[in-house]
Amino acid sequence: MSRTALRICPLCEATCGLVLTVDDGHVTGARGDRDDVFSKGFICPKGAAFGAVDSDPDRLRTPLVRVDGELREATWEEAFDAVAAGIRPVVERYGPDCVGVVLGNPNVHTVAGALYPPLLLAGLGTRSLFTASTVDQMPKHVSSGLLFGDANAIPVPDLDRTDHLLLIGANPLESNGSLCTAPDFPGRLRALKARGGTLTVVDPRRTRTARLADRHVALRPGTDALLLAAMAHVLFDEGLVAPGDLAAHLEGLDELPAALDGFTPEAAAGACDVDAATIRALARELAAAPTAAVYGRIGSCTVPHGTLASWLVDVLNILTGNLDRPGGALFPQAATGRAPRPAGPGRGFALGRWHSRVRRHPEAKGELPLAALAEEIDTATVEGEPIRAVVAVAANPVLSAPDGDRLDKALASLDFMVSVDPYLNETSRHAHVVLPPPPPAQSPHHDFAFNALAVRNQVRYTRPAVPPEPGRMAETEILARLVLAASGGHGTDPAAVDALVIDRTLGKAVRDPHSPVHGRDPKALAALLTGENGPERRLDMMLRLGPYGDGFGADPDGLTLRELLAHPHGIDLGPLRPRLPQLLRTRSAKVELLPEPIAADLPRLRAALDERPGGLVLVGRRHLRSNNSWMHNVPVLTGGSNRCTLHLHPEDAERLGVRDGEPVRVKGAGGEVTAPAEVTDAVRRGVVSLPHGWGHDRPGTRMRHAAADPGVNVNQLLDGSLLDPLSGNAVLNGIPVEVAPLTAR
């Protein structure tokens with residue numbers, strides 16, 4: 001019997017609404033939901049392939065437990081018995097920091113991944129946290145923390161109202177957007193141009209996004225911060241600084257010109273390989289636009305000065321008066337976020353509250369660099385015990401972190417490892433216990449993370465489109481049980497985890513004088529919550545306490561879970577609105593334009609003005625039909641342009657004796673790989689490009705389609721030694737490499 005069901009797509013950050021066709025309990029089709037308040041029917045190839053992703057036959061359906069060196073199918077009870085028996089002895093003998101927690105990118109795409117990892121960390125008491133953020137976006141979190149006092153206060157471009165958009169290191173026509181949740185990002189860019197706006201793209205590759213631009217600037221990889229600093233210098237030098245109403249909320253504006261002294265367009269031109277006149281034009285055009293927004297993404301984060309580049313993106317928005325105003329860059333307000341409270345001083349943001357054991361990397365936002373995971377496992381020091389156990393949730397760092405070969409060996413040496421993953425992949429194959437969550441159609445969906453980055457305020461929730469198969473366990477229950485097993489509560493009813501969170505959250509809320517429930521009885525409030533299970537009751541609680549909530553009856557028109565369920569296509573909460581100074585959490589209660597860690601790192605950037613690296617440098621790229629290493633096992637999403645090839649410019653190919661389609665050897669500090677050459681002028685001279693997420697050739701995995709066309713792991717070219725010092729983010733772009741035909745001696 002055929003029916004339809006609504007589902008929010010969890011396969012990238014665009015969060016598009018889908019209408020699924022379900023036949024006999026299986027998803028057989030997917031199309032865009034035209035009534036969705038946010039995506040309005042848009043769908044990309046990943047969303048269209050939802051059914052194929054959902055029904056991949058290589059997805060694990062039962063837990064696996066290692067017995068006598070081999071992973072064997074087990075019951076859920078056996079699996080969690082093994083987890084409790086494996087983790088607790090490590091904690092009790094060596095201490096909580098000897099258990100590393102590794103969180104992968106898919107966590108931010110699920111309800112469970114949003115609600116339970118903080119509880120897991122608290123239950124273990126470990127500071128050994130490693131996530132995909134430090135191979136992706138941590139520089140933006142750090143710069144936001146230093147500027148605004150909140151590492152999660154990330155302004156996004158007001159795509160639908162801006163007159164001028166400058167993208168640096170971003171290719172949203174392939175990625176669908178990142179740290180900027182915008183269904184139909186391509187259509188929004190075309191609409192910008194149709195209303196007479198200007199699109200400028202700064203990227204060493206002529207990407208699909210760059211081909212759409214009015215101006216494409218192909219800078220030298222890794223020099224993003226120099227270009228942005230030179231633009232800021234122009235604004236001061238030519239009297240174009242005009243923060244407008246922001247001026248009253250700024251600290252450090254008068255000190256900024258001296259800090260940027262020397263970063264002239266003429267000084268930056270040679271390092272960036274962009275002429276000074278172009279740099280001046282970029283700054284002048286930005287200042288002259290009625291409204292404008294600068295948006296930087298992974299290309300500008302995964303470079304040696306990633307935090308400085310991220311800081312300068314917002315500095316330019318501030319200096320031109322475009323931060324926190326319509327048409328500029330604004331701060332979204334998610335329905336599950338904190339309710340507004342009076343402006344005032346906050347705790348601020350601190351770096352380096354603790355350090356990694358081996359190379360003493362400072363923590364950032366509670367995390368240590370993922371690039372340091374291998375050494376924290378395989379290196380003995382006098383500073384303490386190495387990591388002896390790992391809990392990996394939706395993570396595949398063997399492919400996503402630098403030097404996967406070393407990490408591969410390190411994971412094999414652990415006393416214990418548990419992996420929550422639907423696949424036996426390059427990382428989970430080392431686990432002693434594998435806990436597989438159900439496919440997306442059998443899970444609920446609400447975007448806790450991405451609604452805080454959305455270009456329009458809205459809220460949506462979809463319950464599972466398909467009932468769980470027999471023997472499946474909800475991902476929320478898997479993680480709740482994992483929390484209990486890791487914290488010494490194995491055998492307790494998993495519902496107790498959600499009940500405890502509700503009790504603590506409401507208890508704190510009633511003591512908060514700025515809360516809408518201040519002074520009320522927390523037990524009475526808990527009794528008002530609705531929902532079919534603990535996670536839904538937690539969602540209801542967050543909605544009621546949030547900025548649009550009913551305050552548990554205080555506002556009869558406010559938001560609740562019941563109201564959200566009555567609107568299956570979502571509720572539109574309106575365009576982004578100015579939020580300063582209310583959201584600031586700095587100690588000064590102002591935007592701190594020149595925080596000390598930034599000022600201390602500027603001399604390192606100034607030294608880069610004289611750098612002229614020779615030879616070839618490497619940059620990554622993403623394909624529209626994949627998301628990191630997730631989807632290479634889905635036949636409909638592979639092939640065609642979604643291939644693991646080395647892009648290089650025709651002139652470089654001729655000089656090296658490389659022919660299109662022939663294998664080439666690529667060598668970096670961490671090792672070498674062999675990939676087919678794809679000669680194209682889409683990359684500038686001196687630059688080569690390999691896509692991220694490939695390398696599915698290790699034994700012991702169960703991803704048959706991916707293994708048939710494995711590609712190579714670009715991160716194997718890295719040895720993990722190059723990090724942005726402020727954020728700990730791995731440097732993935734602008735890496736020196738050697739390229740030669742495979743037949744060359």
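The following paragraphs lead through a predicted model, from its nonpolar cores to two helix pairs and one buried arginine. Residues are numbered from 1 along each chain as its sequence is written, and side-chain values use heavy atoms, with hydrogens and water left out. Local features need pLDDT of at least 70 and side-chain atom pairs count only at pLDDT 80 or more, while totals for chains, interfaces and linings use all residues.

The largest nonpolar core (buried Ala, Val, Leu, Ile, Met, Phe, Trp, Tyr and Cys residues joined through side-chain atoms within 4.5 Å) has 62 residues. Buried here means under 20% relative accessible area, with a 1.4 Å probe and protein chains only. Leu227, Met231 and Trp311 have the most contacts inside this core. Among the elements that each supply at least two of its residues are α6 (138–148), α10 (224–237), α12 (265–272) and α15 (306–319); helices are DSSP runs of H or I with at least four residues, strands are runs of E with at least two, and both are numbered from the N terminus. The greatest contribution is that of α10, with ten residues. Apart from this core lies another, of 53 residues, which includes Ala371, Leu373, Ile387 and Leu646.

Two packed helices are described by the angle between their axes and the distance between the axes. Axes are lines fitted to C-alpha atoms over the stretch in contact, and angles run from 0 to 180 degrees between N-to-C directions. For α10 and α12 the angle is about 165° and the axes are 9 Å apart. The two helices are therefore roughly antiparallel, a term for angles over 145 degrees. Contact (heavy atoms within 4.5 Å) is made by Leu226, Leu227, Ala230 and Val234 of α10 with Pro265, Ala268, Ala271 and Cys272 of α12. Beyond four places in sequence, Leu227 touches Ile168, Val202, Leu219, Cys272, Ile279 and Leu282.

The pair α6 and α15 packs at about 55°, with axes 8 Å apart. This makes α6 oblique to α15, since oblique covers angles outside under 35, 65 to 115 and over 145 degrees. Residues of α6 including Val142, Leu147 and Phe148 meet a set in α15 that includes Trp311 and Val313.

Arg59 is found in the loop between α2 (50–54) and β4 (64–67). This arginine is buried because its relative accessible area is 11%. Its contacts more than four places away in sequence are Val53, Asp54, Pro422, Tyr423, Pro438, Pro439 and Pro440. Arg59 and Pro438 are 379 residues apart along the chain, yet their C-alpha atoms are separated by 8.7 Å.

Key: Buried < 20%, exposed > 50% of the residue type's maximum accessible area, 1.4 Å probe, protein only.
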